[in-house]
Amino acid sequence: MSQRDVIIACDFDSKETTLAFLDKFTDCKPFVKIGMELYYAAGPEIVKEIKARGHKIFLDLKLHDIPNTVKKSMAVLSRMDVDMCNLHAAGTIEMMKAALEGLTREDGTRPLLIAVTQLTSTSEERMQKDLLINASINDTIVHYARNAKEAGLDGVVCSPLEAGMVKEACGQEFVTVTPGVRFADGEVGDQVRVTTPARAKEIGTDFIVVGRPITKADDPVAAYKRCMAEFAE
Ligand code: C5P
């Protein structure tokens, strides 16, 4: 059964701005994504503070390093009691297995671990020319998703447009977390592989990650509720 939910990307540069933003949500506690910008600006304290307010947290630090470093870093993140964290599948199956080991607590519990396939800002042309990956972007994403599954991870980050083929290759239970979401009447910005919350629901993704369409809206709470109505209800 899908656990469909909207995750708000809190891409802010300070604790104060973030908490002021979250204060607007008086009648609900959205699932929140803390990415590099906020984590580097506000440190681990911001994770504790948002958790204490009752939000679920996706800690989006996209680890990518040698297996031992990733394993030890994941052990630190695991102690922060977040609900979801991630790494780059490009780090290899060995790195993903090490990450899972590091993340698993002594009692066997752990946050969900999700692998980034190809960033939703990357086009097939840039992937082939800049990264010298001699395959289609869809084949690359499915291959990385299969690697993540083999390593024992829970799912992948990809565009909602790719969620269907990932589920076909890795099973319906394999979680898809999908940024690159825009309202039909909204701006695309630097994202390339985008679609709407309603279409993401039809394709069958589990979580959509929405940043600027909510954080930069005149009324962020209304924008969040519009996302929830289109995607999760
Ligand atoms: O503002 P926007 O809706 O584009 O925000 C999308 C968020 O998802 C950003 O925080 C970005 O870092 C993150 N993300 C992404 N593509 C990925 C992985 C994460 O856009 N593949």
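This report covers the ligand site and the cysteines of a predicted model.

## Ligand shell

The ligand is surrounded by 16 residues. Asp11, Lys33, Thr120, Arg182 and Arg212 are the closest of these. By class, the shell around the ligand consists of 7 nonpolar, 3 polar and 6 charged residues.

Three elements of secondary structure each contribute at least two residues to this shell: the strands β3 (57–63) and β8 (207–210), and the helix α10 (212–215).

## Polar contacts and burial

Side chains of Thr120, Arg182 and Arg212 place polar atoms close to the ligand. For Thr120, the partner is a nitrogen atom of the ligand, at 2.8 Å from a polar side-chain atom. For Arg182, a polar side-chain atom lies 2.7 Å from an oxygen atom of the ligand. Arg212 likewise has a polar side-chain atom 2.7 Å from an oxygen atom of the ligand. The ligand taken alone exposes 470 Å², and 88% of that is buried by the protein.

As for its location, the ligand occupies the largest pocket.

## Cysteines

A search of the whole structure for disulfides returns 0. Cys28 is in no disulfide, and the cysteine sulfur nearest to it, that of Cys227, is 12 Å away. A disulfide would require two cysteine sulfur atoms within 2.5 Å. Cys85 is also in no disulfide; here the nearest cysteine sulfur belongs to Cys10, 17 Å away.

Key
Residues numbered from 1 in each chain as written. Predicted model: local features only at pLDDT ≥ 70, side-chain atom pairs only at ≥ 80, totals over all residues. Heavy atoms only, no water. Near = heavy atom within 4 Å. Polar contact = N/O pair within 3.5 Å; in protein donor to acceptor, adjacent residues only side chain to side chain. Areas by Shrake-Rupley, 256 points an atom, 1.4 Å probe, with all protein chains shown as cover. 1 Å grid on protein atoms, 1.4 Å probe; cavity = no way out; pocket = protein on both sides within 12 Å on 5 of 7 lines; lining within 4 Å. Sits in = over half its atoms within 2 Å of the grid points. Helix = DSSP H or I, 4+ residues; strand = E, 2+ residues; numbered from the N terminus. Nonpolar A, V, L, I, M, F, W, Y, C, P; charged D, E, K, R; others polar.
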